Amino acid sequence: IVRRILLFFLMTCPSPTPSFWTHLQSPCCQKHSVLHSGGPPVAGAFKERPTKPTAFRKFYERGDFPIALEHDTRGNKIAWKVEIEKLDYHHYLPLFFDGLCEMTFPYEFFARQGIHDMLEHGGNKILPVIPQLIIPIKNALNLRNRQVICITLKVLQHLVVSADMVGEALVPYYRQILPILNIFKNMNVNSGDGIDYSQQKRENIGDLIQETLEAFERYGGEDAYINIKYMVPTYQSCLLN
């Protein structure tokens, strides 16, 4: 009975036409089959993410920051209307870090310069604010914008040396900060015999990531290296050499 059913099926089913096989070989059909077979999707790890309106821009446009733009022979700088040491760091520093995502003037200038000014004068006010800075740092890195990553890495290097214990306070947050660094760690510009001007301007992502990880290890205490190594397996200690 089974043989008769199979024979009937083979006799009645139409044979595949040439156009059928052509369709199977088309990129569209192959992509569809990969998606439904559980194959790997397109990576997109380096793809830039869209920016969103920041709280920093909102507060700046409302005039809530005690800052103004000042011009001198060296270029633009921030004119603070109050002494930086007297600022409420719990309120202002996370807002300025939120501005790391900005890429248009004057917001990006005020945010980045304001961060460096506050880290320079913050002293013991910086350490208690560290938990509030992690999400803005993560958001900036997750944009995967090369310029924003470079600026954020320089800020992180300044942050770990800004006050005592800050480097150690960052260790529990490596799982949120380091994944993007692991992705971009080997992105160095190969210019052959030419001059890599990005290195002169300290805008080479791979080099900046290496510098940042080394700063984390130097100032992060005894648990820093093992936690860095867990998130960035290719990292080699700068203290054990």
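**Exercise 1. The packing of helix H6**

Identify the elements against which the buried residues of H6 pack, and state how far this helix is enclosed in the predicted model.

*Solution.*
Step 1. The buried residues of H6 pack against helix H4 (55–61), strand S1 (67–72), strand S2 (75–80), helix H5 (89–98) and helix H8 (146–160).

Step 2. The model is a predicted one. In it, the residues of H6 that are buried are Tyr107, Glu108, Phe109, Phe110, Ala111, Arg112, Gly114, Ile115, Asp117, Met118 and Leu119.

Step 3. Eleven of the 15 residues of H6 are thus buried, so the helix is largely enclosed by the rest of the structure.

Step 4. The span of the helix can then be checked. H6 covers residues 107–121 and reaches 21 Å from its first C-alpha to its last, close to the 21 Å expected at 1.5 Å a residue.

**Exercise 2. An exposed residue of H6 and the two ends of the helix**

Determine whether Glu120 is buried or exposed, and describe the backbone on either side of H6.

*Solution.*
Step 1. Glu120 lies in helix H6.

Step 2. The relative accessible area of Glu120 is 57%. The cut-off for an exposed residue is over 50%, so Glu120 is exposed.

Step 3. Along the chain, Glu120 and His158 are 38 residues apart, and their C-alpha atoms are separated by 8.5 Å.

Step 4. In the loop between H5 and H6 stands Pro106. The peptide bond that joins Phe105 and Pro106 is cis, with omega of about 5°.

Step 5. Just after H6, Gly123 adopts a positive phi of about 60°.

**Exercise 3. The two sides of helix H13**

Which residues of H13 are buried, and why are they assigned to the same side of the helix?

*Solution.*
Step 1. Helix H13 (residues 224–231) has Ala224, Ile228 and Met231 as its buried residues.

Step 2. These residues cover an arc of only 65° around the axis, which places them on the same side of H13.

Step 3. A general property of helices is relevant here. With 3.6 residues a turn in an α-helix, residues three or four places apart point the same way.

Step 4. Ile226 and Tyr230 are exposed on the other side of H13.

Step 5. The cover over the buried residues of H13 includes helix H10 (174–184) and helix H12 (205–219).

**Exercise 4. Positive phi outside glycine**

Where are Arg144 and Met165 found, and is each of them buried or partly exposed?

*Solution.*
Step 1. Arg144 is a residue other than glycine with a positive phi, near 60°. Its place is in the loop between helix H7 (130–142) and H8.

Step 2. The relative accessible area of Arg144 is 11%. Since buried means under 20%, Arg144 is buried.

Step 3. Met165, which is not a glycine either, has a positive phi of about 75°. This residue is found in the loop between H8 and helix H9 (166–170).

Step 4. At a relative accessible area of 47%, Met165 is partly exposed.

**Exercise 5. Aromatic rings**

How many aromatic pairs are counted, and what is the geometry of the pair formed by Trp80 and Phe96?

*Solution.*
Step 1. The count comes to twelve aromatic pairs.

Step 2. In one of them, Trp80 and Phe96 form a tilted pair, at 5.8 Å centre to centre and with 35° between the planes.

Step 3. This pair links distant parts of the chain, with Trp80 in strand S2 and Phe96 in helix H5, 16 residues apart.

Step 4. Trp80 and Phe96 are both buried.

Step 5. One aromatic cluster is formed by Phe56, Phe59, Phe65, Trp80, Tyr92 and Phe96.

**Exercise 6. Cysteines and the chain as a whole**

State how many disulfides are counted, whether Cys101 and Cys150 are buried or exposed, and what the totals for the protein are.

*Solution.*
Step 1. The number of disulfides is zero, where the sulfur atoms of a pair would have to lie within 2.5 Å.

Step 2. Cys101 counts as buried at 13% relative accessibility, and Cys150 is buried with a relative accessible area of 5%.

Step 3. The protein has 13 helices and two strands. Of its 241 residues, 39% are buried.

Step 4. Among contacts with a separation of 6 or more, 69% are between residues 24 or more positions apart.

Step 5. The exposed area of the protein is about 14900 Å², of which carbon and sulfur atoms supply 56%.

Note on methods:
Residues numbered from 1 in each chain as written. Predicted model: local features only at pLDDT ≥ 70, side-chain atom pairs only at ≥ 80, totals over all residues. Heavy atoms only, no water. Buried < 20%, exposed > 50% of the residue type's maximum accessible area, 1.4 Å probe, protein only. Helix = DSSP H or I, 4+ residues; strand = E, 2+ residues; numbered from the N terminus. Arc of directions from axis to C-beta. Contact = heavy atoms within 4.5 Å. Expected span 1.5 Å × (residues − 1). Areas by Shrake-Rupley, 256 points an atom, 1.4 Å probe, with all protein chains shown as cover. Phe/Tyr/Trp six-rings, centres within 6.5 Å; stacked < 30°, edge-to-face > 60°.
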